[in-house]
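Hi,

Here is the structure I promised to pass on to you. Have a look at it first, and then read my notes underneath.

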Amino acid sequence: MSAFLSDTALIFGRYARQTLRSKFQILFGVLMPLLYLLFFGPLLTDLPLGSRGDSWQVLVPGLLLQLGLFGASYSGFAIIIEKQFGVVERMRVTPVSRLALLLGRVLRDAALFVFQAVLLVLAAVVMGLRAPLAGILIGFAFVGVLTVVLASLSYALALLVSKPHEFGPVINAVSMPSMLLSGLMLPMALAPGWLDVLSHFMPFRYLVDAVRAAYVGQYASTAMLYGVLMAAALTLGSVTVGTRVFRKAGA
């Protein structure tokens with residue numbers, strides 16, 4: 001166990017140092033959700049959104065998970081570049097745990113997107129967001145979990161493809177329906193009945209509903225329970241898949 005933790009910390013430190021040297025990467029990732037916050041948020045003020053809480057308590061949780069959805073989904077591009085430069089091959093001959101190779105990367109991604117989530121919430125507070133501190137912290141936790149889930153699957157996919165143009169279309173085909181059906185921008189309660197029913201087959205919807213419940217202080221609600229259970233299931237499944245692909249690919 002100590003060797004595994006040491007390996008994970010080593011991989012995390014390597015990629016964390018790369019991230020810290022790229023201030024552009026740290027700040028640019030939060031730009032799109034921030035633009036939604038600035039230009040889309042005011043349009044929702046005083047509109048009936050079919051949800052508890054005001055418009056900011058509805059919009060900001062969706063933007064937080066949008067940050068994780070689109071950011072973590074594209075994390076695998078880094079692996080494709082590493083394969084081209086032989087980095088993956090050099091790691092292949094080391095005795096480092098394959099799980100550590102995955103976790104070191106995804107934990108770096110989680111730390112990055114949680115930091116960006118903090119910046120987004122601070123901007124939202126300036127614009128009028130009012131939410132309990134516990135709810136905000138729960139939201140950060142869900143961002144971290146979603147990042148671990150999607151980054152694990154993204155790295156696994158990147159190991160299975162050979163070129164970037166094979167990777168991008170798959171991510172686009174998954175991320176856009178995920179955004180539309182999970183109710184990131186607006187609650188699915190506003191959707192027609194058939195669309196609302198369809199959205200229940202989208203796992204990310206339960207995470208969005210849980211964060212929105214947390215932002216209005218409903219910590220013991222059904223939405224929170226379903227969100228936690230779905231987050232746990234997604235984390236276990238994605239890390240298992242990612243580790244197996246890392247092992248089979250020799251990464």
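Below is what I found on the core and on two helix pairs.

A word on the basis: this is a predicted model, in which local features need pLDDT of at least 70 and side-chain atom pairs count only at pLDDT 80 or more, while totals for chains, interfaces and linings use all residues. Residues are numbered from 1 along each chain as its sequence is written, and side-chain values use heavy atoms, leaving out hydrogens and water.

The largest nonpolar core (buried Ala, Val, Leu, Ile, Met, Phe, Trp, Tyr and Cys joined through side-chain atoms within 4.5 Å; buried is under 20% relative accessible area with a 1.4 Å probe, protein chains only) has 63 residues. Val 60, Leu 64, Leu 65, Val 121, Phe 142 and Tyr 215 touch the most other members. Helix α8 (helices are DSSP runs of H or I, at least four residues, numbered from the N terminus) gives the largest share, 13 residues. Beyond its neighbours within four places in sequence, Val 60 is in contact (heavy atoms within 4.5 Å) with Leu 37, Val 121, Ala 124, Leu 129 and Tyr 215.

Now the helix pairs. The axes of α1 and α7 (lines fitted to C-alpha atoms over the stretch in contact, with angles from 0 to 180 degrees between N-to-C directions) lie 8 Å apart at about 45°. For α8 and α9, the angle is about 145° and the axes are 9 Å apart. Ser 154, Leu 157 and Ala 158 of α8 meet Phe 167, Val 170 and Ile 171 of α9.

Best wishes

Notes: Buried means under 20% relative accessible area, exposed over 50%, partly exposed in between (1.4 Å probe, protein chains only). Helices (H or I, at least four residues) and strands (E, at least two) are DSSP runs, numbered from the N terminus.
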